[in-house]
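Let's take a friendly walk through this model, starting with the ligand and moving on to the sheets around which the account is arranged.

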Amino acid sequence: MSETVLVTGGAGFIGRFVADELLARGNRVRVLDSLIEQVHGSDPAPPLNPEAELIRGDVRDKAAVSRALEGVDSVVHLAAEVGVGQSMYEVERYTSTNDVGTAVLFEALIQQPVRRVVTASSMSIYGEGLYRDAEGRLVEDAERKSLRDGQANWEPVDAAGRPLTPVATPEWKRPNLASIYALNKYVQERTTHIMAAPYGIEGVCLRLFNVYGPGQALSNPYTGVLAIFASRFLNGQQPLIFEDGEQRRDFVHVSDVARAFADALVLPQAAGGTFNIGSGNDRSVTEVATELARAMGKNDVAPEIVGKARVGDIRHCFCDTSLARDRLGFEARQDFGDGLAVLAEWVARQTAQDKVEQMRAELEARGLVA
Ligand code: UD1
(Lines give C-alpha, C1' and ligand atoms only; values in the text may rest on other atoms or scores of the structure.)
Protein backbone atom coordinates (compact mmCIF):
# COMPACT_ATOMS: atom_id res chain seq x y z
CA MET A 1 0.00 0.00 0.00
CA SER A 2 1.41 3.37 -0.96
CA GLU A 3 -0.06 6.34 0.89
CA THR A 4 0.60 9.87 2.00
CA VAL A 5 1.29 9.59 5.72
CA LEU A 6 1.38 12.49 8.16
CA VAL A 7 3.85 11.91 10.99
CA THR A 8 3.28 14.38 13.83
CA GLY A 9 6.49 14.87 15.78
CA GLY A 10 8.20 13.32 12.78
CA ALA A 11 11.44 15.27 13.23
CA GLY A 12 12.05 13.69 16.64
CA PHE A 13 14.10 10.65 17.52
CA ILE A 14 11.45 8.02 16.82
CA GLY A 15 9.71 10.05 14.13
CA ARG A 16 12.79 10.25 11.90
CA PHE A 17 13.10 6.46 11.92
CA VAL A 18 9.37 6.10 11.25
CA ALA A 19 9.67 8.53 8.33
CA ASP A 20 12.62 6.56 6.89
CA GLU A 21 10.76 3.26 7.24
CA LEU A 22 7.58 4.62 5.62
CA LEU A 23 9.55 6.15 2.74
CA ALA A 24 11.48 2.90 2.25
CA ARG A 25 8.11 1.14 1.92
CA GLY A 26 7.10 3.45 -0.90
CA ASN A 27 4.93 5.98 0.94
CA ARG A 28 5.01 9.76 0.80
CA VAL A 29 5.71 11.31 4.18
CA ARG A 30 4.74 14.69 5.56
CA VAL A 31 6.06 15.74 8.95
CA LEU A 32 4.42 18.22 11.31
CA ASP A 33 6.90 19.21 13.99
CA SER A 34 7.42 22.31 16.11
CA LEU A 35 11.16 21.56 16.51
CA ILE A 36 11.26 22.49 20.21
CA GLU A 37 14.61 23.63 21.52
CA GLN A 38 14.85 21.13 24.39
CA VAL A 39 15.00 18.33 21.80
CA HIS A 40 16.43 19.95 18.71
CA GLY A 41 18.76 22.54 20.21
CA SER A 42 19.14 25.78 18.30
CA ASP A 43 19.86 23.95 15.01
CA PRO A 44 16.93 24.84 12.74
CA ALA A 45 17.55 21.92 10.33
CA PRO A 46 16.80 18.52 11.89
CA PRO A 47 18.46 15.49 10.25
CA LEU A 48 15.18 14.53 8.62
CA ASN A 49 15.09 12.43 5.47
CA PRO A 50 15.11 15.00 2.63
CA GLU A 51 12.36 13.05 0.86
CA ALA A 52 9.99 13.91 3.71
CA GLU A 53 8.06 17.16 3.52
CA LEU A 54 8.46 19.22 6.70
CA ILE A 55 5.81 21.58 8.01
CA ARG A 56 7.02 23.46 11.03
CA GLY A 57 4.06 23.88 13.32
CA ASP A 58 2.55 23.03 16.65
CA VAL A 59 0.10 20.17 17.01
CA ARG A 60 -2.14 22.51 19.05
CA ASP A 61 -2.36 24.95 16.15
CA LYS A 62 -5.64 24.12 14.35
CA ALA A 63 -4.66 25.85 11.13
CA ALA A 64 -1.27 24.10 10.97
CA VAL A 65 -2.86 20.70 11.66
CA SER A 66 -5.55 21.20 8.99
CA ARG A 67 -2.91 22.24 6.48
CA ALA A 68 -0.80 19.21 7.40
CA LEU A 69 -3.79 16.88 6.90
CA GLU A 70 -4.50 18.01 3.33
CA GLY A 71 -4.33 15.01 0.99
CA VAL A 72 -3.23 12.66 3.78
CA ASP A 73 -4.34 8.99 3.87
CA SER A 74 -3.13 8.01 7.34
CA VAL A 75 -1.45 9.46 10.43
CA VAL A 76 1.26 8.41 12.87
CA HIS A 77 0.83 10.58 15.97
CA LEU A 78 4.12 11.01 17.82
CA ALA A 79 4.12 14.71 18.71
CA ALA A 80 4.47 14.90 22.50
CA GLU A 81 6.45 16.20 25.42
CA VAL A 82 8.20 13.08 26.72
CA GLY A 83 9.94 13.62 30.08
CA VAL A 84 8.28 11.85 32.98
CA GLY A 85 10.12 13.83 35.69
CA GLN A 86 9.61 17.13 33.90
CA SER A 87 5.89 16.42 33.51
CA MET A 88 5.61 16.62 37.30
CA TYR A 89 6.29 20.36 37.32
CA GLU A 90 5.63 21.53 33.75
CA VAL A 91 2.10 20.22 34.13
CA GLU A 92 0.42 22.75 31.91
CA ARG A 93 2.91 22.45 29.06
CA TYR A 94 2.71 18.65 29.07
CA THR A 95 -1.07 18.53 29.31
CA SER A 96 -1.45 21.17 26.66
CA THR A 97 0.84 19.59 24.05
CA ASN A 98 -0.07 15.99 24.80
CA ASP A 99 -3.78 16.08 25.59
CA VAL A 100 -4.94 19.24 23.82
CA GLY A 101 -2.64 18.51 20.87
CA THR A 102 -4.31 15.11 20.42
CA ALA A 103 -7.73 16.73 20.78
CA VAL A 104 -6.89 19.29 18.08
CA LEU A 105 -5.69 16.52 15.77
CA PHE A 106 -8.87 14.47 16.18
CA GLU A 107 -11.13 17.49 15.84
CA ALA A 108 -9.40 18.30 12.56
CA LEU A 109 -9.85 14.67 11.51
CA ILE A 110 -13.64 15.07 11.74
CA GLN A 111 -13.41 17.36 8.69
CA GLN A 112 -10.49 15.57 7.06
CA PRO A 113 -10.83 11.88 7.98
CA VAL A 114 -8.12 9.37 7.17
CA ARG A 115 -8.03 5.59 6.89
CA ARG A 116 -6.05 4.99 10.09
CA VAL A 117 -4.30 6.78 12.97
CA VAL A 118 -1.53 5.06 14.94
CA THR A 119 -0.81 6.84 18.23
CA ALA A 120 2.35 6.43 20.31
CA SER A 121 1.52 5.46 23.86
CA SER A 122 3.89 4.36 26.56
CA MET A 123 4.58 1.66 29.10
CA SER A 124 4.43 4.47 31.65
CA ILE A 125 0.64 4.00 31.78
CA TYR A 126 1.17 0.71 33.65
CA GLY A 127 2.99 2.28 36.58
CA GLU A 128 4.60 -0.73 38.24
CA GLY A 129 4.62 -3.72 35.93
CA LEU A 130 2.95 -7.04 36.69
CA TYR A 131 4.25 -9.09 39.64
CA ARG A 132 3.70 -12.55 41.10
CA ASP A 133 3.34 -13.15 44.85
CA ALA A 134 4.72 -16.03 46.94
CA GLU A 135 1.58 -18.10 46.23
CA GLY A 136 1.98 -17.65 42.49
CA ARG A 137 -0.90 -15.17 42.18
CA LEU A 138 -0.52 -12.29 39.76
CA VAL A 139 -0.46 -8.83 41.37
CA GLU A 140 -1.59 -5.88 39.24
CA ASP A 141 -1.36 -3.11 41.79
CA ALA A 142 2.12 -3.47 43.26
CA GLU A 143 3.37 -0.36 45.01
CA ARG A 144 6.56 0.79 46.68
CA LYS A 145 5.21 1.72 50.09
CA SER A 146 8.70 1.71 51.56
CA LEU A 147 9.69 4.73 49.46
CA ARG A 148 6.86 6.73 50.93
CA ASP A 149 7.94 5.68 54.40
CA GLY A 150 11.52 6.68 53.65
CA GLN A 151 12.91 3.14 53.89
CA ALA A 152 15.61 2.03 51.50
CA ASN A 153 13.76 -1.04 50.23
CA TRP A 154 13.35 -0.47 46.54
CA GLU A 155 11.24 -3.54 45.83
CA PRO A 156 7.44 -3.50 45.94
CA VAL A 157 6.01 -5.91 48.50
CA ASP A 158 2.56 -7.44 49.00
CA ALA A 159 0.09 -6.38 51.71
CA ALA A 160 1.84 -8.67 54.20
CA GLY A 161 5.22 -7.13 53.38
CA ARG A 162 6.44 -10.17 51.44
CA PRO A 163 8.54 -9.74 48.31
CA LEU A 164 7.00 -9.90 44.85
CA THR A 165 8.63 -11.22 41.69
CA PRO A 166 8.32 -9.07 38.55
CA VAL A 167 6.97 -10.75 35.41
CA ALA A 168 6.47 -9.46 31.86
CA THR A 169 3.62 -6.95 31.66
CA PRO A 170 0.76 -7.67 29.20
CA GLU A 171 -1.68 -5.14 27.77
CA TRP A 172 -4.52 -6.29 30.03
CA LYS A 173 -2.79 -5.08 33.19
CA ARG A 174 -4.82 -2.23 34.69
CA PRO A 175 -3.23 1.17 34.12
CA ASN A 176 -1.78 2.86 37.19
CA LEU A 177 -1.22 6.45 36.17
CA ALA A 178 1.52 7.74 38.45
CA SER A 179 2.82 10.77 36.55
CA ILE A 180 1.30 13.56 34.48
CA TYR A 181 3.12 12.09 31.47
CA ALA A 182 1.46 8.70 32.04
CA LEU A 183 -1.89 10.42 32.45
CA ASN A 184 -1.30 12.31 29.19
CA LYS A 185 -0.37 9.12 27.35
CA TYR A 186 -3.49 7.38 28.59
CA VAL A 187 -5.60 10.34 27.48
CA GLN A 188 -3.97 10.10 24.04
CA GLU A 189 -4.82 6.40 23.86
CA ARG A 190 -8.41 6.88 24.91
CA THR A 191 -8.85 9.92 22.66
CA THR A 192 -7.62 7.83 19.74
CA HIS A 193 -10.02 4.96 20.37
CA ILE A 194 -12.97 7.15 21.41
CA MET A 195 -12.65 9.49 18.43
CA ALA A 196 -11.54 7.11 15.68
CA ALA A 197 -14.39 4.58 15.42
CA PRO A 198 -17.36 7.00 15.30
CA TYR A 199 -15.75 8.88 12.42
CA GLY A 200 -14.91 5.77 10.41
CA ILE A 201 -11.21 5.95 11.23
CA GLU A 202 -9.21 2.93 12.39
CA GLY A 203 -7.39 3.74 15.63
CA VAL A 204 -4.32 1.85 16.84
CA CYS A 205 -2.13 2.55 19.88
CA LEU A 206 1.38 1.27 20.49
CA ARG A 207 2.67 1.20 24.06
CA LEU A 208 6.38 1.69 23.62
CA PHE A 209 8.80 0.36 26.18
CA ASN A 210 12.25 1.97 26.62
CA VAL A 211 13.28 3.01 23.13
CA TYR A 212 16.98 3.58 22.42
CA GLY A 213 19.19 4.16 19.42
CA PRO A 214 21.23 6.73 17.52
CA GLY A 215 19.61 10.13 17.28
CA GLN A 216 18.05 10.18 20.74
CA ALA A 217 18.34 13.73 22.07
CA LEU A 218 21.58 13.57 24.07
CA SER A 219 21.19 17.00 25.54
CA ASN A 220 17.68 16.37 26.80
CA PRO A 221 18.28 15.12 30.33
CA TYR A 222 14.68 14.13 30.93
CA THR A 223 14.32 11.20 28.66
CA GLY A 224 16.00 7.91 27.88
CA VAL A 225 18.49 6.47 30.33
CA LEU A 226 20.80 5.14 27.58
CA ALA A 227 21.05 8.54 25.89
CA ILE A 228 21.64 10.16 29.27
CA PHE A 229 24.39 7.66 30.18
CA ALA A 230 25.98 7.96 26.72
CA SER A 231 26.09 11.72 27.07
CA ARG A 232 27.74 11.40 30.51
CA PHE A 233 30.37 8.94 29.22
CA LEU A 234 31.02 11.16 26.21
CA ASN A 235 31.80 14.05 28.55
CA GLY A 236 34.00 11.82 30.73
CA GLN A 237 31.53 11.92 33.61
CA GLN A 238 30.07 9.18 35.73
CA PRO A 239 26.50 8.23 34.95
CA LEU A 240 24.17 8.65 37.91
CA ILE A 241 22.33 5.45 38.71
CA PHE A 242 19.18 6.03 40.74
CA GLU A 243 18.17 3.56 43.47
CA ASP A 244 20.59 0.60 43.44
CA GLY A 245 20.59 0.01 39.69
CA GLU A 246 18.71 -3.31 39.91
CA GLN A 247 15.48 -1.89 38.45
CA ARG A 248 14.58 -3.70 35.22
CA ARG A 249 13.32 -2.42 31.87
CA ASP A 250 12.87 -3.61 28.30
CA PHE A 251 15.12 -1.71 25.89
CA VAL A 252 13.84 -1.81 22.34
CA HIS A 253 15.76 -0.44 19.38
CA VAL A 254 14.26 2.49 17.51
CA SER A 255 14.51 0.65 14.16
CA ASP A 256 12.29 -2.13 15.54
CA VAL A 257 9.85 0.49 16.83
CA ALA A 258 9.76 2.14 13.38
CA ARG A 259 8.91 -1.22 11.80
CA ALA A 260 6.15 -1.69 14.37
CA PHE A 261 4.60 1.67 13.41
CA ALA A 262 4.79 0.91 9.68
CA ASP A 263 3.19 -2.52 10.25
CA ALA A 264 0.53 -1.11 12.59
CA LEU A 265 -0.40 1.38 9.90
CA VAL A 266 -1.32 -1.28 7.33
CA LEU A 267 -2.10 -4.67 8.92
CA PRO A 268 -5.88 -5.18 8.90
CA GLN A 269 -5.78 -7.07 12.21
CA ALA A 270 -4.16 -4.09 13.98
CA ALA A 271 -7.29 -1.92 13.60
CA GLY A 272 -8.80 -0.92 16.94
CA GLY A 273 -6.00 -2.54 18.92
CA THR A 274 -3.51 -1.48 21.58
CA PHE A 275 -0.18 -3.28 21.55
CA ASN A 276 2.96 -3.41 23.66
CA ILE A 277 6.12 -2.87 21.63
CA GLY A 278 9.29 -4.11 23.29
CA SER A 279 12.16 -6.49 22.72
CA GLY A 280 10.93 -9.20 25.06
CA ASN A 281 14.22 -9.06 27.03
CA ASP A 282 14.61 -7.38 30.40
CA ARG A 283 17.80 -5.82 31.77
CA SER A 284 18.79 -3.91 34.86
CA VAL A 285 19.96 -0.29 34.72
CA THR A 286 23.37 -1.36 36.07
CA GLU A 287 23.67 -4.00 33.34
CA VAL A 288 22.98 -1.50 30.60
CA ALA A 289 25.38 1.03 32.14
CA THR A 290 28.13 -1.62 32.17
CA GLU A 291 27.43 -2.76 28.61
CA LEU A 292 27.31 0.80 27.34
CA ALA A 293 30.60 1.63 29.09
CA ARG A 294 32.19 -1.35 27.34
CA ALA A 295 30.74 -0.35 23.95
CA MET A 296 32.05 3.20 24.40
CA GLY A 297 35.46 2.12 25.70
CA LYS A 298 34.76 3.75 29.08
CA ASN A 299 35.24 0.74 31.37
CA ASP A 300 37.28 2.95 33.69
CA VAL A 301 34.33 5.27 34.38
CA ALA A 302 32.36 3.69 37.23
CA PRO A 303 28.77 4.88 37.58
CA GLU A 304 27.74 6.70 40.73
CA ILE A 305 25.01 4.78 42.54
CA VAL A 306 22.85 7.59 43.88
CA GLY A 307 20.86 5.44 46.32
CA LYS A 308 17.81 7.67 45.86
CA ALA A 309 14.76 7.18 43.70
CA ARG A 310 13.31 9.67 41.28
CA VAL A 311 9.83 10.42 42.53
CA GLY A 312 7.28 8.74 40.26
CA ASP A 313 9.77 6.13 39.04
CA ILE A 314 8.65 2.55 39.03
CA ARG A 315 10.83 -0.36 40.04
CA HIS A 316 10.30 -2.91 37.27
CA CYS A 317 8.32 -2.91 34.09
CA PHE A 318 9.19 -5.02 31.09
CA CYS A 319 7.32 -6.11 28.04
CA ASP A 320 5.05 -9.06 27.41
CA THR A 321 5.37 -9.16 23.64
CA SER A 322 2.91 -11.99 22.94
CA LEU A 323 -0.04 -9.91 21.69
CA ALA A 324 2.09 -8.01 19.13
CA ARG A 325 3.69 -11.28 18.07
CA ASP A 326 0.45 -13.26 17.79
CA ARG A 327 -1.73 -10.54 16.24
CA LEU A 328 0.80 -8.55 14.21
CA GLY A 329 3.60 -11.06 13.71
CA PHE A 330 5.88 -8.43 15.27
CA GLU A 331 9.22 -9.40 16.75
CA ALA A 332 12.13 -7.11 17.58
CA ARG A 333 15.21 -8.05 15.55
CA GLN A 334 17.96 -5.78 16.82
CA ASP A 335 20.54 -7.52 19.00
CA PHE A 336 21.19 -5.37 22.10
CA GLY A 337 24.99 -5.58 21.95
CA ASP A 338 25.05 -4.60 18.26
CA GLY A 339 22.53 -1.84 18.97
CA LEU A 340 24.79 -0.42 21.68
CA ALA A 341 27.83 -0.59 19.38
CA VAL A 342 26.02 1.50 16.76
CA LEU A 343 24.79 3.88 19.46
CA ALA A 344 28.37 4.22 20.74
CA GLU A 345 29.69 5.00 17.24
CA TRP A 346 27.03 7.63 16.74
CA VAL A 347 27.55 9.17 20.18
CA ALA A 348 31.29 9.45 19.54
CA ARG A 349 30.52 11.80 16.63
CA GLN A 350 28.28 14.07 18.71
CA THR A 351 28.86 16.88 21.12
CA ALA A 352 26.34 16.58 23.90
CA GLN A 353 25.74 19.42 26.21
CA ASP A 354 25.53 17.69 29.56
CA LYS A 355 22.50 19.00 31.39
CA VAL A 356 22.21 16.15 33.88
CA GLU A 357 23.38 18.25 36.84
CA GLN A 358 20.83 20.87 35.89
CA MET A 359 18.15 18.16 35.76
CA ARG A 360 19.21 16.80 39.15
CA ALA A 361 19.14 20.30 40.63
CA GLU A 362 15.68 20.99 39.18
CA LEU A 363 14.28 17.71 40.45
CA GLU A 364 15.92 18.13 43.86
CA ALA A 365 14.76 21.73 44.22
CA ARG A 366 11.22 20.46 43.83
CA GLY A 367 11.70 17.51 46.18
CA LEU A 368 11.30 15.11 43.28
CA VAL A 369 14.23 12.86 44.17
CA ALA A 370 13.52 10.93 47.40
C1 UD1 B 1 9.91 6.57 31.38
C2 UD1 B 1 8.55 6.17 31.02
C3 UD1 B 1 8.45 5.83 29.59
C4 UD1 B 1 8.99 6.94 28.75
C5 UD1 B 1 10.42 7.17 29.16
C6 UD1 B 1 11.03 8.32 28.41
C7 UD1 B 1 7.67 5.24 33.12
C8 UD1 B 1 7.43 3.99 33.86
N9 UD1 B 1 8.18 5.08 31.88
O10 UD1 B 1 10.60 5.38 31.39
O11 UD1 B 1 7.15 5.59 29.21
O12 UD1 B 1 8.89 6.60 27.41
O13 UD1 B 1 10.44 7.51 30.52
O14 UD1 B 1 10.44 9.52 28.75
O15 UD1 B 1 7.38 6.30 33.58
N16 UD1 B 1 17.90 6.30 35.47
C17 UD1 B 1 19.10 6.39 36.11
N18 UD1 B 1 19.91 7.47 35.85
C19 UD1 B 1 19.56 8.44 34.97
C20 UD1 B 1 18.33 8.34 34.32
C21 UD1 B 1 17.51 7.25 34.58
O22 UD1 B 1 19.45 5.54 36.92
O23 UD1 B 1 20.34 9.37 34.77
C24 UD1 B 1 17.04 5.14 35.76
C25 UD1 B 1 15.66 5.56 36.18
O26 UD1 B 1 15.61 5.82 37.55
C27 UD1 B 1 14.85 4.35 35.77
C28 UD1 B 1 15.58 3.81 34.54
O29 UD1 B 1 16.87 4.38 34.59
O30 UD1 B 1 14.87 3.38 36.80
C31 UD1 B 1 14.96 4.17 33.23
O32 UD1 B 1 14.72 5.57 33.21
P33 UD1 B 1 14.22 6.36 31.90
O34 UD1 B 1 15.09 6.04 30.76
O35 UD1 B 1 14.03 7.77 32.28
O36 UD1 B 1 12.86 5.71 31.52
P37 UD1 B 1 11.68 5.14 32.42
O38 UD1 B 1 11.47 5.95 33.64
O39 UD1 B 1 11.79 3.68 32.49
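What follows is a short report on the ligand site and the strand pairing.

Please keep in mind that this is a predicted model.

**The ligand site**

The ligand is surrounded by 21 residues, and the closest are Val82, Ser122, Leu240, Arg249 and Asp313. By type, the shell around the ligand divides into twelve nonpolar, six polar and three charged residues. Which elements each supply at least two residues of this shell? They are helix 8 (225-234) and strand 11 (240-241). Helix 8 gives the largest share, with three residues.

Backbone atoms of three residues approach polar atoms of the ligand, as the table shows.

| Residue (backbone atom) | Ligand atom | Distance |
|---|---|---|
| Ser124 (N or O) | oxygen | 3.4 Å |
| Val225 (polar) | oxygen | 2.6 Å |
| Leu240 (polar) | nitrogen | 2.6 Å |

On its own the ligand has 730 Å² of accessible area, and the protein covers 95% of that. Leu240 appears twice in this picture: it belongs to the closest residues, and its backbone provides a contact to a ligand nitrogen atom.

**The seven-stranded sheet**

Now to the strands. Seven of them make an open sheet with parallel pairing, in the order 3-2-1-4-5-9-14. At the edges stand strand 3 (53-56) and strand 14 (274-277); each has a single partner strand, so one side of each is left without a neighbour in the sheet. Direction ignored, neighbouring strands of this sheet are turned by 20° against each other on average.

Within this sheet, strand 4 (residues 74-77) pairs with strand 5 (residues 116-122) in the parallel sense, over four bridges. Which residue of strand 5 is the bridge partner of Val75? That partner is Val117.

Two helices lie across these strands. Helix 5 (residues 91-111) lies across strand 4 and strand 5, and runs at about 175° to strand 4. Helix 9 (residues 254-266) lies across strand 1 (4-8), strand 4, strand 5, strand 9 (202-208) and strand 14, running at about 145° to strand 5.

**The three-stranded sheet**

A further open sheet is formed by three strands in the order 15-12-17, with mixed pairing. Its edge strands, strand 15 (283-284) and strand 17 (316-317), each pair on one side only. Strand 12 (residues 248-249) and strand 15 pair in the antiparallel sense over two bridges, and there Arg248 has Ser284 of strand 15 as its bridge partner.

Terms used:
Residues numbered from 1 in each chain as written. Predicted model: local features only at pLDDT ≥ 70, side-chain atom pairs only at ≥ 80, totals over all residues. Heavy atoms only, no water. Near = heavy atom within 4 Å. Polar contact = N/O pair within 3.5 Å; in protein donor to acceptor, adjacent residues only side chain to side chain. Areas by Shrake-Rupley, 256 points an atom, 1.4 Å probe, with all protein chains shown as cover. Nonpolar A, V, L, I, M, F, W, Y, C, P; charged D, E, K, R; others polar. Pairing = 2+ DSSP bridges. Axes fitted to C-alpha atoms, helices over the stretch in contact; angles between N-to-C directions. Contact = heavy atoms within 4.5 Å.
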